[in-house]
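Student: I should like to go through the reasoning behind the terms applied to this model. May we begin once it is displayed?

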Amino acid sequence: MSRRAQTDVAVLGALTLQPMTGYALRAAIVDTLGHFWSESFGQIYPTLARLTADGLVTKDDDGRFTLTPAGRTHLRTRLAEPYDVTPPRNPLLLRLFFGRALGRDACRALLRDTGARATAQLAALGAVRAEIAAEPPSPDHPYALVTLDYGERMARAHLEWVEASLRALDTPDDRAPASVLDAPDD
C-alpha cells in the first residue's frame, strides 16, 4: 500500500471516531495514533481536499469533515489490503552500528536516553490504559487495547535491549584494542 493510501486510511479511520475539523483531525491522529503513526498538517489538508473531491468525506458549514458511506466502504477496502513492511530507518541503530567512530561513552549516553524514552513511553501508555479502563465499554476498546499492548510490549523490549546493550558495551572486546573502542577515530 502506498504512502498516500496509508494516509487515506489514517484520515478516514480517524473520521470514524466523530466528525471533526482538519485541526481536530490532526490532534486526534497525534493523540490516538501518535504512538505508532504520524501525519503532518502538510499531508492531512491535501488528503482531506482530495477525499472530499472523491466523495469519501463531506465538509459541513462549521468546517467539520464527516465520513460518507462511500468513504466507509473505501476505508474497509483499504484496511483489508495487504500492507508493505518498509525497512526501518532507525537513527539510533545507525549510530550504534558506527559506534567505534562515535565512542563508547557517547553510545552509552544514546542507550541511556533510549531507556529514558522507553520508560516515559511506558508511563504514557499506562495513562492511556487507565483512561480506557475508566471509559464506558465501547466496541472500539478491544482494538485499542491490542495496539496499546503492542506499544507496551515494545517499550519493555526496548528497555531490556538497552540494559543488555549497556552490559555489552561494558564488556571488553578482545578483538580490538581498548583505545579504539573508547575514543572516536579522528
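Student: In which helix is the place of F41?

Tutor: In this predicted model, F41 belongs to helix 3, which comprises residues 41-53.

Student: Why is F41 called partly exposed?

Tutor: The relative accessible area of F41 is 38%. Partly exposed covers values between the 20% and 50% cut-offs, so F41 is partly exposed.

Student: What makes the nonpolar surface patch?

Tutor: Y23, F41 and Y45 make a patch of about 340 Å². A patch residue must have over 30% relative accessible area, and the 38% of F41 satisfies that condition.

Student: Where is T68, and why is T68 called buried?

Tutor: T68 is in the loop between strand 2 (65-67) and helix 4 (69-80). Its relative accessible area is 11%, and buried means under 20%; therefore T68 is buried.

Student: What does the side chain of T68 reach, and at what distance?

Tutor: The T68 side chain reaches the backbone nitrogen of G71 at 3.0 Å. A polar atom of that side chain also lies 3.0 Å from the backbone oxygen of L56. Beyond its neighbours within four places in sequence, T68 is in contact with G55, L56, V57 and T58.

Student: How do you know that the span of helix 7 agrees with the expected value?

Tutor: Helix 7 (residues 104-134) has 31 residues, which at 1.5 Å a residue should span 45 Å. Its end C-alpha atoms are 45 Å apart, so the two values agree.

Student: Which residues of helix 7 are buried?

Tutor: Among them are R104, C107, R108, L111 and L125.

How values were computed. Residues are numbered from 1 along each chain as its sequence is written. This is a predicted model: local features need pLDDT of at least 70, side-chain atom pairs count only at pLDDT 80 or more; totals for chains, interfaces and linings use all residues. Side-chain values use heavy atoms; hydrogens and water are left out. Helices (H or I, at least four residues) and strands (E, at least two) are DSSP runs, numbered from the N terminus. Buried means under 20% relative accessible area, exposed over 50%, partly exposed in between (1.4 Å probe, protein chains only). A polar contact is a pair of N or O atoms within 3.5 Å; within protein, one must be able to donate a hydrogen and the other to accept it, and residues adjacent in sequence count only if both atoms are side-chain atoms. Contact means heavy atoms within 4.5 Å. Patches are made of residues with over 30% relative accessible area and no salt bridge: like charges are joined within 9 Å, nonpolar side chains (Val, Leu, Ile, Met, Phe, Trp, Tyr) within 5 Å. Accessible areas come from the Shrake-Rupley method with a 1.4 Å probe; for residues, only the protein chains shown count as cover. A salt bridge is a side-chain nitrogen of Lys or Arg within 4 Å of a carboxyl oxygen of Asp or Glu. The expected span of a helix is 1.5 Å times one less than its number of residues.
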